[in-house]
Amino acid sequence: MPVELTDKLVIAISSRALFNLDASHQVYESQGLEAYSDYQIAREEEPLEPGEAFPMVQKLLRLNDRLGDSGGVEVVLLSRNSADTGLRVFNSIQHYGLDISRAAFCGGESPWRYIQAFGCHLFLSSEADDVRNALDSGVAAATLVSNRGGAQSATDQLRFAFDGDAVLFSDEAERVFKREGLEAFSASERAAAREPLGGGPFKPFLSALHQLQQAFPPSEAPIRTALVTARSAPAHERVIRTLRAWNIRIDESIFLGGLDKTDFLRAYQADVFFDDQRSHCESAAGHIATGHVPHGVANS
Ligand SMILES: [Mg+2]
């Protein structure tokens, strides 16, 4: 019988999201593939420093200690490296004791086409083109744009923060805002308050997190989720009713009415934050692992 990952939450991560490969990437950019390959092979036994997604991956894998055999989390490495240059990445995974055993090394080609074959719920990468392709194929994906050097967070709990429009939800309301302004947006959201919004690219991932959360009593939940949206009343109701219609739990909902999100994300102690708007991502990037979701009208 082949092994299947169907009961698991599967996260695909690029080697540059997991580890800090800035120095070797510089060698590749300035001196080409052969110099890069020599550089990595010469440093094969030197563990890489943690990258932006490292703390999140570590926390995700720790969930398996509490989940036992039922479901659990699988992290898959998807890399543009060849297996030869990727050996340093695997050695680093072993050095840090990360339970990652599956990988695709694509020898310079984009690894996004293996995302569906692995059954991934989320893809995190530093390559915007790979992320766009993954989103087009219907998988939640984000480009890590933060630069905090893989700093650890203060809590044991894994805390996700999501923007609403064009991330958890479709961009249908955002289109009205862009086309006709705030007043028209507020009026149309009020009128459509009882009409659930369409799902956005991160709805299936939120739903998979919700599934995992079911395994724990609420007071012991190792995962916490928050909606952090620029919406405010009267545009709140449609969002609340949409989540209710989906029957998906979200632990906190923060309606900011255009206030900067960063202070709120810090107060919530988010491990990772996803947003489609570049300005929100840039503001948060110095403080929180931040994934830009190149989806919807703001990115077209
Ligand atoms: Mg948005």
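These are my notebook entries on a helix pair and a sheet in a predicted model.

**Entry 1: helices α2 and α3**

I started with α2, residues 22–31, and α3, residues 33–42. Two packed helices are described by the angle between their axes and the distance between the axes. I looked up both values. The axes of α2 and α3 come within 7 Å and cross at roughly 155°. Angles over 145 degrees count as roughly antiparallel, and α2 and α3 are therefore roughly antiparallel to each other. The crossing of α2 past α3 is right-handed.

Next I asked which residues of α2 meet α3. On the α2 side I listed Ser24, Val27, Tyr28 and Gln31. On the α3 side I listed Leu33, Ala35, Tyr36, Tyr39 and Gln40. Sorted by class, this contact has six nonpolar, three polar and no charged residues. An α-helix has 3.6 residues a turn, so residues three or four places apart point the same way.

Is α2 buried or in the open? Of its 10 residues, the number buried is one, so α2 lies largely in the open. I also checked what comes just after α2: Gly32 has a positive phi of about 95°.

**Entry 2: the sheet**

I then traced the strands. Strands of a sheet pair through backbone hydrogen bonds, either parallel or antiparallel. In this model, 10 strands form an open sheet with mixed pairing. I wrote the order down as β3-β2-β1-β4-β5-β10-β9-β6-β7-β8. Which strands are at the edges? They are β3 (102–105) and β8 (252–255), each of which pairs on one side only. From one strand to the next, the twist averages 25°.

**Entry 3: the pairs around β9 and β10**

I went through three pairings.

- β6 (residues 158–162) and β9 (residues 272–275) run parallel and are joined by three bridges; Ala161 has Phe273 in β9 as its bridge partner.
- β9 and β10 also pair in the parallel sense, over four bridges; Val272 has Ala289 in β10 as its partner.
- β5 (residues 140–144) pairs with β10 in the antiparallel sense over two bridges; here Leu144 is partnered by Gly291 in β10.

**Entry 4: what covers β10**

I looked at the two faces of β10. Both are covered. Ala289 and Gly291 lie on one side, Thr290 and His292 on the other, and all four are buried. I then looked for a helix lying across β10 and found α4, residues 54–67. Helix α4 also lies across β1, β2, β6 and β9. Its direction is at about 145° to β2.

Key. Residues numbered from 1 in each chain as written. Predicted model: local features only at pLDDT ≥ 70, side-chain atom pairs only at ≥ 80, totals over all residues. Axes fitted to C-alpha atoms, helices over the stretch in contact; angles between N-to-C directions. Parallel < 35°, antiparallel > 145°, perpendicular 65-115°, else oblique. Left-handed = near helix turned anticlockwise from the far one by under 90°. Contact = placed C-beta atoms within 7 Å. Nonpolar A, V, L, I, M, F, W, Y, C, P; charged D, E, K, R; others polar. Buried ≥ 20, exposed ≤ 12 C-beta atoms within 10 Å, placed from the backbone. Pairing = 2+ DSSP bridges.
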